[in-house]
Amino acid sequence: AMRRPLALVGFTYLLALAAAAYFGEGAAALFAVASFALFCVSMCYRPARRAKYFPAAFLTATVAFVSFGVAVQTQAKPVRQLEGSDALISGVVCELPYKEYNRYYYTIETDAVTPAEASPGMPVPQKIRVRVSTTHALTAGVYDRVAGKVRFYAPSDGQGFSSRTYYASKGIHQLAFLYEYEDVSVSPGESRPFYYYALKTRERMLSALRTHLPPGQAALAGGIFLGERHAIDSAVQDAFRDSGVSHLLAVSGLHLTLLAWMFLKLLKFLKLPKRLAGGLCCVGILAFMAVTGFTPSIVRAG
């Protein structure tokens with residue numbers, strides 16, 4: 001029997017998606033055809049078929065490339081048609097607002113998008129995620145409702161892993177700036193899902209760091225413990241990058257391993273049964289994933 005099949009599937013899927021994101025959707029289609037052809041060949045070759053490793057890897061890669069192409073066609077492309085257009089939007093703030101380079105940024109999940117000019121082709125998507133920037137802070141917190149007129153534009157593109165792929169990993173395919181001289185309405189949120197409480201916990205933790213530490217150290221601690229990099233000075237980020245330790249500012253497996261170890265030590269100290277301690281540790285890991293915003297690195301590690 002094949003040993004550790006989930007490890008093979010997981011790493012193959014990860015590498016295939018990384019290749020698709022790096023080379024683009026056109027190359028992903030070619031990779032899908034090639035990996036499916038290799039899967040068929042491996043199934044016809046008896047030693048490979050018996051070992052199961054190669055057929056499983058090639059089939060997993062095919063599924064990954066196809067899923068990437070489907071996501072681009074159904075999620076990214078319909079949103080990209082909004083690039084360069086004005087529209088009235090309404091939706092809720094779904095992440096913590098932040099300030100960077102003297103501008104304020106809000107990630108909004110829309111429930112209505114009305115372009116100023118109707119364009120032929122695909123219907124305009126209504127439920128999208130967009131990062132909106134303003135020059136003045138709005139009185140909007142997480143899950144408050146915002147409505148106003150925006151101008152859509154695309155994240156800067158480039159070869160390989162660019163701003164476009166970075167925002168795409170967060171489900172954002174268009175950026176926008178708010179026309180602040182137009183009518184902008186902010187109203188209290190109508191719902192409080194579980195993620196709201198995770199974000200409020202994150203907000204309180206960052207606030208506590210700012211209260212008890214000087215600004216520079218508070219920003220650095222927020223980056224190391226919670227992956228909050230927006231407040232970290234660019235020179236500090238460059239220093240981490242030049243030193244080869246910028247991964248410390250992205251919450252990932254290192255952080256989660258230490259957290260899980262502390263959870264288990266505490267629960268064992270309380271004399272809880274091993275299985276119960278493991279289950280509670282899993283709950284703690286899920287809660288930490290929510291507090292850190294379900295970033296791709298923490299989801300993979302979780």
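Hi everyone, let's start with helix 2, which covers residues 25-44. Its 20 residues, at 1.5 Å each, should span 28 Å, and the C-alpha atoms at its ends are 29 Å apart, so expectation and model agree. And yes, this is a predicted model, so please keep that in mind throughout.

Which residues of helix 2 are buried? They are Ala27, Ala28, Ala32, Ser35, Phe39 and Ser42. Around the axis they cover an arc of only 145°, so they sit on the same side of helix 2. Turn to the other side of helix 2 and you meet exposed residues: Leu30, Val33, Val41 and Cys44. What do the buried residues of helix 2 pack against? Their partners are helix 1 (5-23), helix 3 (46-51) and helix 4 (53-80).

Now for the aromatic rings. Searching the whole structure turns up 13 aromatic pairs. Let me begin with Phe23 and Phe31, whose ring centres are 5.9 Å apart; their planes make an angle of 85°, and an angle over 60 degrees counts as edge-to-face, so that is what we call this pair. How accessible are these two? Phe23 has a relative accessibility of 53%, and because the cut-off for exposed is over 50%, Phe23 counts as exposed. Phe31 has a relative accessible area of 30%, which makes Phe31 partly exposed.

A second pair to look at is Tyr195 with Phe294. The centres of these rings are 5.9 Å apart and the planes are at 40°, so the pair is tilted. This pair links distant parts of the chain, 99 residues apart: Tyr195 belongs to helix 6 (residues 194-212), while Phe294 is in the loop between helix 10 (274-291) and helix 11 (296-301). Is Tyr195 buried or exposed? With a relative accessible area of 14%, Tyr195 is buried. Phe294 has 40% and is partly exposed.

Back to Phe23 and Phe31 for a moment, since they have company: ring pairs link Tyr22, Phe23, Phe31 and Phe65 into a cluster.

Some rings also have a charged side chain over them. Lys149 lies over the face of Tyr179, 5.4 Å from the ring centre. Arg192 does so over the face of Tyr196, at 4.4 Å from the ring centre.

Next, a polar residue in a strand. Ser133 is found in strand 4, residues 129-134. Its relative accessible area is 3%, so Ser133 is buried. What does the side chain of Ser133 do there? It makes a polar contact of 3.1 Å with the side chain of Arg103. Leaving out residues up to four places away in sequence, Ser133 touches Arg103, Tyr104 and Tyr105, and also Ala176, Phe177 and Leu178. So if you have the viewer open, Arg103 is a good one to pick out, as it appears both in that list of contacts and in the polar contact.

Last stop: Lys127, in the loop between strand 3 (103-115) and strand 4. Lys127 has a relative accessibility of 69%, so Lys127 counts as exposed. Which residues does Lys127 touch, not counting those up to four places away in sequence? Thr110 and Asp111. And for anyone who likes a distance to check, the C-alpha atoms of Lys127 and Arg202 are separated by 25 Å, with their positions 75 residues apart along the chain.

That's my tour, thanks for listening!

Note on methods:
Residues are numbered from 1 along each chain as its sequence is written. This is a predicted model: local features need pLDDT of at least 70, side-chain atom pairs count only at pLDDT 80 or more; totals for chains, interfaces and linings use all residues. Side-chain values use heavy atoms; hydrogens and water are left out. Helices (H or I, at least four residues) and strands (E, at least two) are DSSP runs, numbered from the N terminus. The expected span of a helix is 1.5 Å times one less than its number of residues. Buried means under 20% relative accessible area, exposed over 50%, partly exposed in between (1.4 Å probe, protein chains only). The arc is that of the directions from the helix axis to the C-beta atoms. Contact means heavy atoms within 4.5 Å. A polar contact is a pair of N or O atoms within 3.5 Å; within protein, one must be able to donate a hydrogen and the other to accept it, and residues adjacent in sequence count only if both atoms are side-chain atoms. Rings of Phe, Tyr and Trp (its six-membered ring) pair if their centres lie within 6.5 Å; planes under 30 degrees apart count as stacked, over 60 as edge-to-face and the rest as tilted. A charge sits over a ring if NZ of Lys or CZ of Arg is within 6 Å of the ring centre and within 35 degrees of the ring normal.
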